[in-house]
Amino acid sequence: MYRLGIDLGGTNIVAGVIDEKYKIVAKASCKTNVPRPESEICDSMTEVALKAIEKAKITIDDVKSVGIGVPGAVNPKTGVIEYSANLFFDNWEVVKMMEERLNKKVLIENDANAAALGEYLAGSAKGAKNAVAITLGTGVGGGIIIDGKIYSGSNFAGAELGHMVIVKDGKQCACGRRGCWETYASASGLIALTKEKILSEKLEFSYMFKLCKGDINKVDGRTAFDAMRDGDTTAKAVVDEYISYLACGLVNIINIFQPDVLCVGGGISNEGEALLAPLHTIVERERYTKYNDKQTVICKCTLGNDAGIIGAAYLD
């Protein structure tokens, strides 16, 4: 039997047919186009799901179940999306609506949790007993796997790792607190830091400013890393500061959970050793368990955007 996973994002809806070896047989996608009524988004998910099934050359009868990964506060027991800022919905009975359309068992989970499960089943955390997956994007997404199961707390709102404070009374976070990890360690945080450093220099002498062709709005998560590789000392200072923030949160997570694997995903993870090597150095220095033979392996997530689809498909 096959399973079907749906990644319901604020920008795109992606559906994938997954086989019993956790391989994606076929995918289909469309734009989410929010804000829209709940029924219209359910119609789009159904259309994309059926298109993926058609591309896989199977029928809906060959699909055991459907899983949906959603950004926001999700209650897997009730099948309700309680709140999702990216989708502009509160208390959406998405499971009920999708089961009516597909006539299949439907399960939901937070998208970061689904991605962590995907990495655990088929990616960089495969073979681990306990794992944590971090995604560096607009925010910092986190998923925790303990004894092979998603850990989301007693109210299904756990694993919001991006909202631990690493700088007391620091920068304002969208969640309402100050100094949250995601404010400093997300791609958005890196972009903001890069812009700050560029504007603190004389622009005509700033290599990072030249690299974004004189338009501060073109700064992205690669700007500082690219400039650093070209010998820009200010860019290296940006990268070093950013990595120090990222490492602070990772050490906290390791000290609390001691997972077998901690995998890092998102576009910034593509910087490879320019990111991972200094991270390892800081973690080695600051982690609590310095002399234990078994240490957490820090690595890059390997499944990319497919992790959430695979994890959603195999929700139980």
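At roughly what angle do the axes of helix α8 and helix α9 cross, and within what distance do they come? I shall begin there, noting that the structure before you is a predicted model.

Helix α8 covers residues 233-257 and helix α9 covers residues 273-286. Their axes come within 9 Å and cross at roughly 50°. That angle is why α8 is described as oblique to α9. As to handedness, the crossing in which α8 passes α9 is right-handed.

Let me turn to the residues that form this contact. From α8, the participants are Y242, I243, S244, L246, A247, L250, V251, I254 and N255. They meet A274, L275, P278, L279, I282, V283 and E286 in α9. By character, the residues of this contact between α8 and α9 comprise 13 nonpolar, 2 polar and 1 charged.

My second topic is a pocket. How much space lies in the second largest pocket? The computed figure is about 430 Å³. Its lining consists of 18 residues, and those that lie nearest the centre of the pocket are E109, K149, I150, L315 and D316.

Which elements each supply at least two residues of that lining? They are strand β8, residues 106-110, helix α3, residues 111-122, and strand β11, residues 149-151. Of these, β8 gives the largest share of the lining, with 4 residues.

Finally, the character of the pocket lining. The residues that line the second largest pocket divide into 11 nonpolar, 2 polar and 5 charged. For the contact of α8 with α9, I recall, the division was 13 nonpolar, 2 polar and 1 charged.

Technical notes. Residues numbered from 1 in each chain as written. Predicted model: local features only at pLDDT ≥ 70, side-chain atom pairs only at ≥ 80, totals over all residues. Heavy atoms only, no water. Axes fitted to C-alpha atoms, helices over the stretch in contact; angles between N-to-C directions. Parallel < 35°, antiparallel > 145°, perpendicular 65-115°, else oblique. Left-handed = near helix turned anticlockwise from the far one by under 90°. Contact = heavy atoms within 4.5 Å. Nonpolar A, V, L, I, M, F, W, Y, C, P; charged D, E, K, R; others polar. 1 Å grid on protein atoms, 1.4 Å probe; cavity = no way out; pocket = protein on both sides within 12 Å on 5 of 7 lines; lining within 4 Å. Points joined across faces, edges and corners; volume = space filled by probe spheres on them.
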